[in-house]
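Visitor: I've never looked at this one before. Can you walk me through it?

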Amino acid sequence: MLYRQKIVDNPATDSKETAIRSPLLRLRLRWYAVSTARLLLRRWQAVTLIAGVLASANASAFGNLDTLARPLLTLLTPGHGAAWRIGYLLAVQAVAGAWAAMQREQIAGGPFMAFAGSLPFTPRQRRDADLAVLMLADSPLLLIAASALGLTAGRGAPAAHDVLLCDVALLALVAQQAVLERRPGAWAGVAAGAVLAGACFGTSLDLAANLCVGAAAALALAVPPRPRAPRRARRNIAHGSSPLTIGRHRGAALHISLAILLRERRGETIAKALTASAVTAAAIGLVFVFERDTRSFPTILLADGAIALTFSGLFRGLHMAHRASTGYVGALPLAAGWWRPFDLAAVLAAALPFLAAPAAFACAIGAARPTVALAALVSNAVLLCALRPFQLFSDRHAVVLATVLAGCWTAATIACLL
């Protein structure tokens, strides 16, 4: 009777679930804050710097907020067509996915989650923890969304505009959740939502379409994910089927460097490619503003220098991956630092298309002769290789030293080629 009375006195299981779920959420948030302390601080320092620069300008508070929220307010400009708006929405979701992919290890919980996988957490509880950490990781981006919502509400914009901005934030969370859970099928739903919201903008179905997209995105975040079927074991590749991994040590070493970039550091590589694409687009846009003047060639050289500086950040991730494997690879008969030329080749292969695009554009518009454009391409390729020691020299001063070298190198290139 006493045992039964104890059961009756404590019938609820919600308190037990809360007692388990609360430490999970605290540990996940703490892990993200500790593992990205410097990076999170730098992000908010950048936001504070931008806010201070805008505040020091002779503009109103609404004008400063308008500048901060411009990436999202551009969606509401009526002068753009449906195709442009759909492409812009898809680009925003791609940036959000890359933002989460760069931090997958920190957001996912790190080594602790290998132990937490044996605990009785439901998929709903795991997703709640993921969303909470995502909100912290996206805090600088959410400030832009909040500024855009505040401006649209203050200006008396239609309700469909407010709902569209909320849809962008919800679709971004769905895209990031798909990246964390490695569910590429969810991207079809994100793309469908972007197409529907972009195609119906400015029509009579605007509000209804935005409400449907928002409801579907909120439902995708609320419904716990289904457990995925285990992957089938891959068949062993036949001996001699791959020339990269058999008998050719150089090919195998290059394959290792490429695999680190494309598999282990995939999110970071995609982010660098998106940044380089944005720099290239901005440089080409400035050249068009200058009406394709031949004197705009220094703009192309500055863009190439910025692209080289962007891709040089991949050297640190490659170096860290090789250092982590020294416990095993150190037992092999290999020279110290054997991976350096192969890391250079891998990063050059990733950056070369983006370095060549502005140079080719300069040749196409007649801003530079083919020999001058080729010399600029070679100079920036050498700059990318020269940036490697500076990226590995110091954790604190790597960015400053690499930026100074890139600026001086680009100035010398401009002086020599013009």
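Guide: We'll go through salt bridges, helix contacts and a few single residues.

Guide: Keep in mind that this is a predicted model.

Visitor: Okay, salt bridges. How many are found in the whole structure?

Guide: Three, from a search of the whole structure.

Visitor: Which residue does D130 pair with?

Guide: D130 bridges to R28. Their closest N and O atoms are 2.5 Å apart.

Visitor: Where do those two sit?

Guide: D130 is in helix α9, residues 123-137. R28 is in helix α2, residues 14-35. The pair therefore ties together parts that are 102 residues apart in sequence.

Visitor: Buried or exposed, D130 and R28?

Guide: Both D130 and R28 are buried.

Visitor: And what about E181? Which residue does its side chain meet at 2.9 Å?

Guide: That's R127, in a salt bridge, N to O. E181 belongs to helix α11, residues 159-181, and R127 to helix α9. They are 54 residues apart, so this pair links distant parts of the chain.

Visitor: Which residue forms a salt bridge with E181 at 3.0 Å?

Guide: R183 does, counting between the closest N and O atoms.

Visitor: Which residues end up in one network, then?

Guide: R127, E181 and R183. Salt bridges with shared partners join them.

Visitor: Why does E181 count as buried?

Guide: Its relative accessible area is 14%. Buried means under 20%, so E181 qualifies. R127 is buried too.

Visitor: And R183, why is that one partly exposed?

Guide: R183 has 24% relative accessibility. Partly exposed runs between the 20% and 50% cut-offs, so R183 falls there.

Visitor: Why would such side chains pair at all?

Guide: Opposite charges can pair when the charged atoms come close.

Visitor: New topic: helix packing. At what angle do α15 and α19 pack?

Guide: About 10°, with their axes 10 Å apart. Helix α15 covers residues 266-289, and helix α19 covers residues 340-364. That angle makes α15 roughly parallel to α19.

Visitor: Which residues make that contact?

Guide: From α15, they are A273, A276, S277, T280, I284, V287 and F288. From α19, they are F354, A357, P358 and F361.

Visitor: How many of those are nonpolar, polar or charged?

Guide: Nine nonpolar, two polar and no charged residues in the contact of α15 with α19.

Visitor: Back to α11. How do α6 and α11 cross?

Guide: They cross at roughly 45°, and their axes come within 8 Å. Helix α6 is residues 82-101. That makes α6 oblique to α11. The crossing of α6 and α11 is right-handed.

Visitor: Which residues meet there?

Guide: On the α6 side, they include L89, V92, Q93 and W99. On the α11 side, they include V168, L171, Q176 and L180. The contact of α6 with α11 divides into twelve nonpolar, three polar and no charged residues.

Visitor: And α9 with α11? What's the angle there?

Guide: Roughly 120°, with the axes of α9 and α11 coming within 11 Å. The two helices are therefore oblique to each other. α9 passes α11 in a right-handed crossing.

Visitor: Which residues are in that contact?

Guide: R127, D130, L131, L134 and M135 in α9. They meet L173, Q176, Q177, L180 and E181 in α11. By class, the contact of α9 with α11 has five nonpolar, two polar and three charged residues.

Visitor: Single residues now. What is the phi of R182?

Guide: R182 has a positive phi of about 55°, although it is not a glycine. R182 sits in the loop between α11 and α12. At 42% relative accessibility, R182 counts as partly exposed.

Visitor: And L27? How far is it from A129 in space?

Guide: 9.7 Å, C-alpha to C-alpha, while L27 and A129 are 102 residues apart in sequence. L27 is in helix α2. With a relative accessible area of 40%, L27 is partly exposed.

Visitor: Last one: where does G150 lie?

Guide: In helix α10, residues 139-154. G150 is partly exposed, at 40% relative accessibility. G150 and L65 are 85 residues apart in sequence, and 8.8 Å apart in space, C-alpha to C-alpha.

Note on methods
Residues numbered from 1 in each chain as written. Predicted model: local features only at pLDDT ≥ 70, side-chain atom pairs only at ≥ 80, totals over all residues. Heavy atoms only, no water. Axes fitted to C-alpha atoms, helices over the stretch in contact; angles between N-to-C directions. Helix = DSSP H or I, 4+ residues; strand = E, 2+ residues; numbered from the N terminus. Parallel < 35°, antiparallel > 145°, perpendicular 65-115°, else oblique. Contact = heavy atoms within 4.5 Å. Nonpolar A, V, L, I, M, F, W, Y, C, P; charged D, E, K, R; others polar. Salt bridge = Lys/Arg side-chain N within 4 Å of Asp/Glu carboxyl O. Buried < 20%, exposed > 50% of the residue type's maximum accessible area, 1.4 Å probe, protein only. Left-handed = near helix turned anticlockwise from the far one by under 90°.
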